[in-house]
Amino acid sequence: MKGIVFTEFLEMVEEKFGYETVDAILEKSQDVTDGVYTSVGTYKHAELVALIVSLSEETKVSVPDLLHAYGVYLFAIFVRSYPMFFEHVKSMFDFLENIDRHIHKEVVKLYPDAELPRFESYRENEKHLVMIYYSQRKMVDFGMGLITAASDHFKTKIDLTKTVLGDLSGNEVRIDIKIIE
Ligand code: HEM
């Protein structure tokens, strides 16, 4: 995974839980991580998992809730760092459909070793978008956090649900996004 995912994760932990917690989770995850991250490096996905599991033990907040919170947090960083993906976008659904068609494709051009999910999206009707998430990294809750923050950004109130599909491991998940007003 790209270094920005790690450096921003540790920023969020510091902001929400304090520096002692950053120290504690780095210490706890020592056998999986070497504890040094730069925004331009690339690290194993297992390292992020180890840090999140340690954070969950330390704070008693569940792993899915932490992933969701991280998605919400990272969205603001994306808006700041990659404004071109947000300009001239007419609606939240247009933006969400663009992730797989355009945004993540550009990310891979910039960083060929980025590990991204695949989404298949279709509109049930004008107020209901379905996105099927596919990824071995099982980070749908992070994606749900990003979508939640996107709904704030586009000032669109939504009802958001997920349904785990396939072998129920979390690498195939249906996300239903319904505009409620
Ligand atoms: C609501 C919008 C978005 C959703 C739902 C979404 C979803 C995701 C998910 C779930 C992952 C984790 C990897 C995985 O599950 O396999 C991910 C990674 C990533 N996404 Fe997106 N994304 C969104 C918008 C964006 C935007 C606007 C950017 C800006 C360039 C972006 C860039 C990235 C990057 C850099 C990674 C990390 C890749 C790596 O570490 O190797 N995403 N995205």
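**Exercise 1. Determine how histidine 104 meets the ligand in this predicted model, beginning with the polar distance between its side chain and a nitrogen atom of the ligand.**

Solution.
Step 1. A polar atom in the side chain of histidine 104 is placed 3.1 Å from a ligand nitrogen atom. A polar contact requires N or O atoms within 3.5 Å, and the 3.1 Å pair of histidine 104 and the ligand can be judged against that cut-off.
Step 2. Turn to the iron atom of the ligand: His104 is its only protein donor, through NE2, at 2.1 Å. The donor cut-off for such a metal is 2.8 Å.
Step 3. Locate the residue in the fold: histidine 104 belongs to helix 5, which covers residues 92–110.

**Exercise 2. Which atoms of glutamate 115 and serine 135 approach oxygen atoms of the ligand?**

Solution.
Step 1. For glutamate 115, a polar backbone atom lies 2.6 Å from an oxygen atom of the ligand.
Step 2. For serine 135, the partner is an N or O atom of the side chain, and the distance to a ligand oxygen atom is 2.6 Å.

**Exercise 3. Describe the shell around the ligand by its residues, its classes and its helices.**

Solution.
Step 1. The ligand is surrounded by 26 residues, and Lys2, His104, Glu115, Tyr133 and Ser135 are the closest.
Step 2. Sorted by class, the shell contains 20 nonpolar, 3 polar and 3 charged residues.
Step 3. At least two shell residues come from each of helix 5 and helix 6 (140–153). Helix 5 contributes the most, with 6 residues.
Step 4. Finally, place the ligand: the ligand occupies the largest cavity.

Definitions and conventions. Residues are numbered from 1 along each chain as its sequence is written. This is a predicted model: local features need pLDDT of at least 70, side-chain atom pairs count only at pLDDT 80 or more; totals for chains, interfaces and linings use all residues. Side-chain values use heavy atoms; hydrogens and water are left out. Donors are N, O and S atoms within 2.8 Å of the metal (3.2 Å for Na, K and Ca); water is not among the atoms, so sites may look incomplete. Helices (H or I, at least four residues) and strands (E, at least two) are DSSP runs, numbered from the N terminus. A residue is near a molecule or strand if one of its heavy atoms lies within 4 Å of it. A polar contact is a pair of N or O atoms within 3.5 Å; within protein, one must be able to donate a hydrogen and the other to accept it, and residues adjacent in sequence count only if both atoms are side-chain atoms. On a 1 Å grid over the protein atoms alone, a cavity is a set of points where a 1.4 Å probe fits but cannot get out, and a pocket is an open set with protein on both sides within 12 Å along at least five of seven lines; lining residues have an atom within 4 Å of a point. A molecule sits in a cavity or pocket if more than half of its atoms lie within 2 Å of its grid points. Ala, Val, Leu, Ile, Met, Phe, Trp, Tyr, Cys and Pro count as nonpolar, Asp, Glu, Lys and Arg as charged, and the others, Gly among them, as polar.
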